[in-house]
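Colleague: I should be grateful for a close look at a single part of this model, set out for a first-year student. Please choose one helix and describe its surroundings, and then turn to other places in the structure.

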Amino acid sequence: MTMSKTKVLIAGAGPTGLTLALWLTKLGVPVRIFDKAAAPGETSRALAVQARTLEFHRQIGIVDDVLAAGVKIEQLTVHTPAGVAARLPLADFGRGISPYSFAFALPQDIHERVLITHLERAGVEVERGTELIAFQDKGHAVIATLSKEGQTETVVANYLAGCDGAHSTVRHGLNIGFPGGAYEQSFYVVDVKGRGDITRNGMDTTISTYGFAIVMPVRQSGSIRLIGIVPKAHEADETISFEAIRADVERDTGVTVDEVNWFSTYGVHHRVAENFRVGRVFLCGDAGHIHSPAGGQGMNTGMGDAVNLAWKLAAVVQGRADPRLLDSYEPERIAFAHRLIESTDQAFRIATSRSRLVGLFRRYLMPNILNIALHTSYGSRAFFGVISQAAIQYRAGPISSGTAGKVSGGDRLPYVPMPSSDNLEPLRSLDWQVHVYGEVNAEFRAMLASTGIPVHGFAWSETAAKAALQRDAAYLVRPDGHVALASPAQEAASFQRYLAGLAIKPRTAERAPYRVPGTMHSLA
């Protein structure tokens with residue numbers, strides 16, 4: 001048996017584990033990431049990549065590669081047995097909310113390859129065919145036993161992150177409950193090459209009294225995905241082949257299938273772990289929560305967990321924050337997981353219910369409601385905020401404070417586009433920062449100098465006003481782009497108290513000042 005040390009040990013190399021590893025590596029924290037699978041996945045699985053995830057990718061410099069690999073979804077076409085009921089624009093339905101104002105599809109296997117490539121460029125290899133046999137939190141460190149090809153290794157880590165899926169070994173090892181349930185229907189998902197009345201670069205959904213079916217692009221090569229409910233006549237079959245349900249699938253989707261690339265059926269669960277943290281061990285992604293596929297939220301939520309945890313772990317491991325900062329991970333992310341379960345559960349039950357009354361609502365009223373909602377500015381923005389995860393907020397969290405304008409501590413920093421850049425550009429520093437939209441008070445700037453936190457001043461604009469920011473207010477922004485403290489006045493004392501309370505020290509103390517073209521900046 002050999003022994004080694006690392007700062008953070010990551011179990012599981014899906015999108016969540018890879019995101020955590022990449023963020024920690026970019027933040028300068030040594031990690032080891034392993035997975036029991038011998039190779040990365042080769043099937044498309046999760047497809048939707050939400051705007052908030054793309055914003056996180058931008059922060060670590062990989063968003064261009066991700067966008068180049070996927071497909072922008074420009075339109076949702078709603079079909080009923082009577083014909084097209086609605087055409088809903090998705091090409092720019094989040095304008096003014098995010099720089100990524102569109103719906104976007106990228107197969108999970110390609111997404112993972114992009115993450116792996118960037119992780120390898122940063123000098124970190126995923127350790128394949130490696131299993132977690134046991135672990136123990138000793139208070140000062142986690143002692144883990146790994147097994148690979150019959151050989152065992154003891155790893156001493158400051159922290160262990162379980163990103164190892166719904167059947168998480170880490171969650172089981174912590175004896176954390178995973179309450180929830182399963183939906184009664186089974187679903188099919190099939191990636192095919194086929195023909196039919198398909199919206200180019202769009203998503204088609206068929207709604208009827210029996211249920212629903214979805215058609216959407218999977219790969220730039222022209223492959224498409226078909227999703228729907230397994231026909232009732234085959235629900236009890238021990239094994240279900242595509243040929244057994246081909247006629248139903250082709251009728252429901254309107255697609256004539258020429259070639260099947262991947263086919264699977266599955267039951268859907270909805271569960272949230274009782275805890276996301278015990279001592280030095282954390283749960284992220286499917287290890288902590290699983291959802292219905294409604295709205296394409298699951299994978300994106302796991303990656304959001306990873307970002308939330310990464311900057312906090314980095315700050316504590318590097319002595320730039322009090323360990324109490326880590327206490328905010330569970331309440332912030334578990335609260336969102338519960339809210340997401342509730343919303344996706346309601347949407348999913350409406351979409352899949354076999355009740356005739358619900359079926360009539362789905363067929364005749366729902367398309368009209370969607371049509372009206374997505375053709376109004378308010379409805380479109382509200383829908384985008386929910387689907388894109390741009391509306392995620394931690395206002396009730398333990399490290400959120402204050403309100404200025406309509407922006408409160410815990411909110412995602414509103415997006416403010418400018419002629420040559422935008423206010424999200426400084427977030428590439430992965431560091432704490434203060435934003436002022438208007439005039440930066442010289443005394444405020446001088447008094448913050450001792451903290452080392454950079455101050456970014458942006459000229460006041462109509463766009464900033466529309467984003468609900470307050471002129472000349474000051475916003476302390478976390479490394480993940482959420483507001484920590486919102487203050488209507490530039491009062492340095494409140495910022496100093498906040499930073500001192502968590503012993504926050506910026507990364508900029510060891511780095512050159514960060515500059516953004518076209519804006520006014522100062523390293524306080």
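Modeller: The answer below begins with a helix and then moves to a pocket, a strand residue and two cysteines. Please bear in mind that the model is predicted.

The helix is α2, which covers residues 51-59. Is it enclosed by the rest of the structure or exposed? Nine of its nine residues are buried, so α2 is largely enclosed by the rest of the structure. The buried residues include the charged R52, E55 and R58, and also the nonpolar A51, L54 and F56. T53, H57 and Q59 complete the list of buried residues in α2.

Which elements do these buried residues pack against? Among helices, the partners are α1 (15-26), α3 (63-69), α4 (108-121), α7 (298-317) and α10. The strand β6 (103-105) is a further partner of the buried residues. Just after α2 comes G61, whose phi is positive, at about 80 degrees.

Helix α10 leads on to the second largest pocket. Both α10 (377-388) and α12 (462-466) give two or more residues to the lining of this pocket. The space in the second largest pocket is about 680 Å³. Its lining consists of 21 residues, and those that lie nearest the centre are I97, R381, R412, P414 and A467. By class, ten lining residues are nonpolar, seven are charged and four are polar.

A residue in a strand may be examined in a similar manner. T6 is found in β1, the strand of residues 2-11. Its relative accessibility is 9%, and because the limit for a buried residue is under 20%, T6 counts as buried. When neighbours within four places in sequence are left aside, T6 is in contact with P30, V31 and R32, and also with V155, V156, A157 and N158.

Finally, there are the cysteines. A disulfide is a covalent bond between the sulfur atoms of two cysteines. A search of the whole structure finds zero disulfides. C163 is in no disulfide, and the nearest cysteine sulfur, that of C284, is 4.3 Å away. Why is there no bond between the sulfurs of C284 and C163? A disulfide needs the two sulfur atoms to be within 2.5 Å, so the 4.3 Å from the sulfur of C284 to that of C163 is too far for a bond. C163 is buried, with a relative accessible area of 9%, and C284 is buried as well, with a relative accessible area of 1%.

Methods. Residues are numbered from 1 along each chain as its sequence is written. This is a predicted model: local features need pLDDT of at least 70, side-chain atom pairs count only at pLDDT 80 or more; totals for chains, interfaces and linings use all residues. Side-chain values use heavy atoms; hydrogens and water are left out. On a 1 Å grid over the protein atoms alone, a cavity is a set of points where a 1.4 Å probe fits but cannot get out, and a pocket is an open set with protein on both sides within 12 Å along at least five of seven lines; lining residues have an atom within 4 Å of a point. Grid points are joined across faces, edges and corners, and a volume is the space filled by probe spheres set on the points. Helices (H or I, at least four residues) and strands (E, at least two) are DSSP runs, numbered from the N terminus. Buried means under 20% relative accessible area, exposed over 50%, partly exposed in between (1.4 Å probe, protein chains only). Contact means heavy atoms within 4.5 Å.
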